[in-house]
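Biologist: Hi! Could you walk me through this one?
Modeller: Happy to, here it comes.

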Amino acid sequence: DWFGIAGWKWVFLAEGFPAVLLGLAVPFLLTDRPEDARWLSLAERTWLRNKLDEERQEVESLGHVPLREVLHQPIVWLLALGIFMTNLGGYSLVFWLPTAVEHLLKATLGSADTSEVLNWTGLAYGCGIGGVLLSGWSSHRTGECKWHCVVGQVLTGVCLAASVIPGQPWAAVFGWLCLVCFFSCFWFSPFWVLPTLTLSASAAAVSIGFINMCANLAGFLGSPVVGWMKTEGWDDRVCLFALGMCYLFGGVLVAGIRVPRVRSS
């Protein structure tokens with residue numbers, strides 16, 4: 001309640017203030033063209049400029065690919081539906097995990113105050129940082145993206161399902177939730193490489209927009225779906241299990257695409 005402002009409002013201010021500062025700084029810190037990027041060496045600027053010119057020429061030679069042609073490609077639908085199902089579980093998990101932690105604490109320990117819920121949830125979310133870093137490092141080192149993505153999706157679903165097994169002590173439940181947060185942040189970095197690996201340059205530009213639209217649609221639907229399930233009297237364990245199945249199904253869809261293996265240089 002500093003300066004007469006409610007605590008929940010301070011949360012929004014603390015989250016928004018760095019973004020506003022970075023937004024103001026971006027026009028002054030980022031350049032429009034590689035040749036103006038003084039933090040790159042001359043060789044790096046030349047290479048990047050040439051690479052961009054090659055990609056632009058490739059797109060121009062292939063011509064414009066309309067959306068209707070992109071939607072005829074099964075890979076686009078596998079990627080779009082894969083991230084739709086995964087985000088359906090992911091956005092719901094982000095919004096509802098603290099509530100689920102509170103109820104799981106009460107079920108296993110008999111009580112749960114606000115500080116306990118925040119501390120346990122924050123520790124679980126912190127594991128996601130490790131998932132992002134390990135996924136980016138490993139997929140870049142090996143040049144393999146599809147199975148990094150699928151492993152993250154499937155193991156998120158498996159660990160979510162394991163966390164709701166009745167009769168477990170809180171330590172075991174919390175361990176599963178930490179793994180959930182780790183793997184839920186493991187899949188998305190390699191996922192966004194897949195459209196450019198599986199589609200032509202001209203088709204990838206259109207398909208990424210469509211895939212991203214499906215990803216955001218899941219964010220619009222995810223939280224209300226869980227709210228509806230709870231309104232209908234579904235138990236928190238059942239809700240978490242349903243979210244786990246969304247992740248699992250998303251992984252199955254992504255596993256169905258064919259990706260050429262590319263080793264990073």
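**Surface patch, pocket and a buried glycine**

Modeller: Val26, Phe28, Leu29, Leu30 and Trp39 make a nonpolar surface patch with about 620 Å² of accessible area together. Patch residues have over 30% relative accessible area (Shrake-Rupley, 1.4 Å probe) and no salt bridge (Lys or Arg side-chain nitrogen within 4 Å of an Asp or Glu carboxyl oxygen), with nonpolar side chains joined within 5 Å. This is a predicted model, where local features need pLDDT of at least 70 and side-chain atom pairs 80 or more, while totals for chains, interfaces and linings use all residues. Numbering starts from 1 along each chain, and side-chain values use heavy atoms, without hydrogens or water.

Biologist: Where is Leu30 placed?

Modeller: Leu30 is in the loop between helix H1 (7–29) and helix H2 (42–62); helices are DSSP runs (H or I) of at least four residues.

Biologist: Why does Leu30 count as exposed?

Modeller: Because its relative accessibility is 53%, and exposed means over 50%.

Biologist: New topic: where does helix H4 bend?

Modeller: H4 (residues 74–109) bends by about 55° at Trp96, and Pro98 follows within four residues. The angle is between axes fitted to the seven residues ending there and the seven starting there.

Biologist: And what follows H4?

Modeller: Gly110, with a positive phi near 90°.

Biologist: Where is Gly244, and is Gly244 buried or exposed?

Modeller: Gly244 is in helix H11 (residues 236–255). Gly244 is buried, at 0% relative accessible area; the buried cut-off is under 20%.

Notes:
Patch = residues over 30% accessible without salt bridge, like charges linked within 9 Å, V, L, I, M, F, W, Y side chains within 5 Å. Helix = DSSP H or I, 4+ residues; strand = E, 2+ residues; numbered from the N terminus. Buried < 20%, exposed > 50% of the residue type's maximum accessible area, 1.4 Å probe, protein only.
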